[in-house]
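User: I would like a close look at a single part of this model, followed by an account of how the rest of the chain is laid out around it. Please take the local geometry with care.

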Amino acid sequence: MSLGYAEKLSYIEDVGEVGMKEFFDPPLVLQEKIERLAAMVRKSKHLVVFTGAGISTSSGIPDFRGPKGIWTLQREGKALPQASLPFHRAMPSMTHMALVELEKAGILKFVISQNVDGLHLRSGIPREKLAELHGNSFMETCPSCGAEYVRDFELETIGLKETSRHCAKANCKRKLRDTVLDWEDALPQREMSSAEKHCKMADLVLCLGTSLQITPACNLPLKSLRGGGKIAIVNLQRTPKDGKASLVIHGLVDKVVAGVMNSLNLQIHPFIRIDFAQVILNKNISADERFINWTLRVASVHGQKAPLPFVKSIEISFLDEEKYKAVVLEDQPFLLKRRTGREREFEIRLRINFTGGCGCPFTEISIPFDREVISTESPDINREAILQDLRDTATQNTTCGRNAACWRRISVAARSETTTYAIVTNVVSYAKLLKAHEAESTGGIGDLKSWTECFGATIRRKRSKR
């Protein structure tokens with residue numbers, strides 16, 4: 001995560017043990033433990049997964065207490081790593097996507113997370129099967145009606161404070177609040193109740209990438225023991241709950257999970273990141289009725305005042321015989337005002353240039369500009385079918401940048417057409433990680449260096465986790 005989260009937290013003297021030493025099980029021992037864990041997962045009837053910072057480190061998000069953790073470096077007075085990728089562009093790790101596959105297969109019943117990076121929801125874990133105990137940096141909620149809003153930008157506050165946006169429900173309109181806890185904030189009751197319920201039902205609680213130090217969350221896995229359930233822990237550091245666990249594995253979480261998925265003969269599908277942008281076209285006839293005065297705005301689907309975080313700039317050109325002057329919009333809001341002849345029809349070409357962290361540099365959108373001021377009919381668009389087609393195409397071609405109109409609204413009174421475009425901005429495959437583990441388990445045991453090289457663009461950034 002970005003350092004911003006750690007800086008926003010209130011000061012506290014005791015943050016628990018930091019600078020924790022990492023341990024690695026010997027290769028043969030690790031493989032044997034992975035096989036034991038796979039057998040436990042296969043036998044489980046109610047699997048609950050409890051996650052911490054360790055499942056996101058391969059996404060470029062540092063942990064808190066490890067040798068290079070945020071709090072470790074802060075306590076030692078050392079400089080923190082420079083952020084090289086925006087927090088909002090972090091992609092789910094292989095472990096995140098493996099959990100999605102386990103949920104789809106009916107094996108995983110519930111996920112409890114201490115992370116605020118939002119990657120579980122982004123990966124595809126259903127909201128009703130997820131408890132985010134410490135909140136979500138990309139989610140705000142209405143204190144009146146309870147509506148939740150997941151954003152594509154990191155919220156500006158933490159500590160359950162009011163944000164600058166309001167509930168979209170017509171009968172509510174209350175000011176929204178962020179969902180990320182500060183130190184003095186109590187765990188959300190709804191999340192805690194669901195977590196407790198599923199831990200009591202669990203025959204296996206699998207703890208992934210957590211030092212199990214923050215109370216009361218760290219005591220949740222213990223509730224499974226009362227009903228005869230078991231605990232398995234995968235973490236590079238020792239934890240206070242190791243003595244209660246039936247299995248403790250010291251190894252990279254992604255590597256362990258890859259082995260389990262191979263043993264269960266489950267594939268991990270690529271992660272397809274789809275972002276959204278609105279193109280708003282307003283048209284008005286001039287007083288002498290000879291021209292159309294029009295504006296074109298490219299905005300966030302979360303509101304015209306919300307940031308559009310994945311867009312760096314927009315190049316606008318025109319395909320017609322008059323050679324209308326092209327323009328480059330570099331600052332938000334991305335807004336263009338023009339006047340054209342009323343009888344002219346032409347095509348507007350948008351080249352949307354992406355910010356860092358996207359898997360491709362740009363996408364292009366063509367917008368026909370006809371002589372009608374505003375159409376009175378909204379086309380029938382099957383949004384879900386369009387999104388699925390984008391995902392399928394991106395999966396087959398392992399490329400991004402394709403876009404499609406997935407929603408359109410016509411407002412005759414406002415003389416505007418609003419079209420929402422879905423854009424594939426990242427395609428992440430986990431095939432190399434799975435093949436790396438398969439090679440180790442069938443041929444020979446590779447070393448740590450060869451495995452970590454499979455992570456590709458693993459990025460060390462300034463961000464803290466609980």
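Does Phe310 count as buried or exposed, and at what relative accessibility?

Analyst: In this predicted model, Phe310 has a relative accessibility of 1%, and because residues under 20% are classed as buried, Phe310 counts as buried. The residue is found in the loop between β12 (291-299) and β13 (311-319), so the burial just described belongs to a loop residue.

The surroundings of Phe310 can be listed by contact. Leaving aside residues up to four places away in sequence, Phe310 touches His88 and Arg89, then Asp275, Phe276 and Ala277, then Asn353, Phe354, Thr355 and Cys358, and finally Ile423 and Thr425. For one of these partners a backbone distance is also available: the C-alpha atoms of Phe310 and Arg89 are separated by 8.0 Å, although the two residues are 221 apart along the chain.

That pairing can be set beside the figures for the whole chain. Among contacts between residues at least 6 apart in sequence, 68% join residues at least 24 apart. Of the 466 residues, 53% count as buried, and the secondary structure comes to ten helices and 19 strands.

Other loops deserve attention for their backbone geometry, beginning with the one that leads into β12. Glu289 is placed in the loop between β11 (271-285) and β12, and Glu289 has a positive phi of about 65 degrees although it is not a glycine. Its relative accessibility is 54%, and because the class of exposed residues begins over 50%, Glu289 counts as exposed. A positive phi, near 60 degrees, is also found at Leu160, again a residue other than glycine. Leu160 lies in the loop between β5 (148-150) and β6 (162-166), and with a relative accessible area of 33% Leu160 is partly exposed.

Two peptide bonds that lead into prolines are cis. One joins Thr215 and Pro216, with omega about 0 degrees, and Pro216 lies in the loop between β8 (204-208) and β9 (230-234). The other runs from Gln332 to Pro333, with omega near 0 degrees, and the place of Pro333 is in the loop between β14 (327-329) and β15 (334-341).

Among the helices, one pair can be described in terms of its packing. The axes of α4 (residues 94-104) and α7 (residues 253-263) come within 9 Å and cross at roughly 30 degrees. Because angles under 35 degrees fall in that class, α4 is roughly parallel to α7. The crossing in which α4 passes α7 is left-handed. On the α4 side the contact is made by Met94, Thr95, Ala98, Glu101 and Leu102, which meet Val253, Asp254, Val257, Ala258 and Met261 of α7. By character, the residues of this contact divide into seven nonpolar, one polar and two charged.

Helix α2 (residues 27-43) can be described by its span and its buried residues. With 17 residues, α2 reaches 25 Å from its first C-alpha to its last, close to the 24 Å expected at 1.5 Å a residue. The buried residues of α2 are Leu30, Gln31, Lys33, Ile34, Leu37, Ala38, Met40 and Val41. An α-helix has 3.6 residues a turn, so residues three or four places apart point the same way.

Note on methods: Residues numbered from 1 in each chain as written. Predicted model: local features only at pLDDT ≥ 70, side-chain atom pairs only at ≥ 80, totals over all residues. Heavy atoms only, no water. Helix = DSSP H or I, 4+ residues; strand = E, 2+ residues; numbered from the N terminus. Expected span 1.5 Å × (residues − 1). Buried < 20%, exposed > 50% of the residue type's maximum accessible area, 1.4 Å probe, protein only. Axes fitted to C-alpha atoms, helices over the stretch in contact; angles between N-to-C directions. Parallel < 35°, antiparallel > 145°, perpendicular 65-115°, else oblique. Left-handed = near helix turned anticlockwise from the far one by under 90°. Contact = heavy atoms within 4.5 Å. Nonpolar A, V, L, I, M, F, W, Y, C, P; charged D, E, K, R; others polar.
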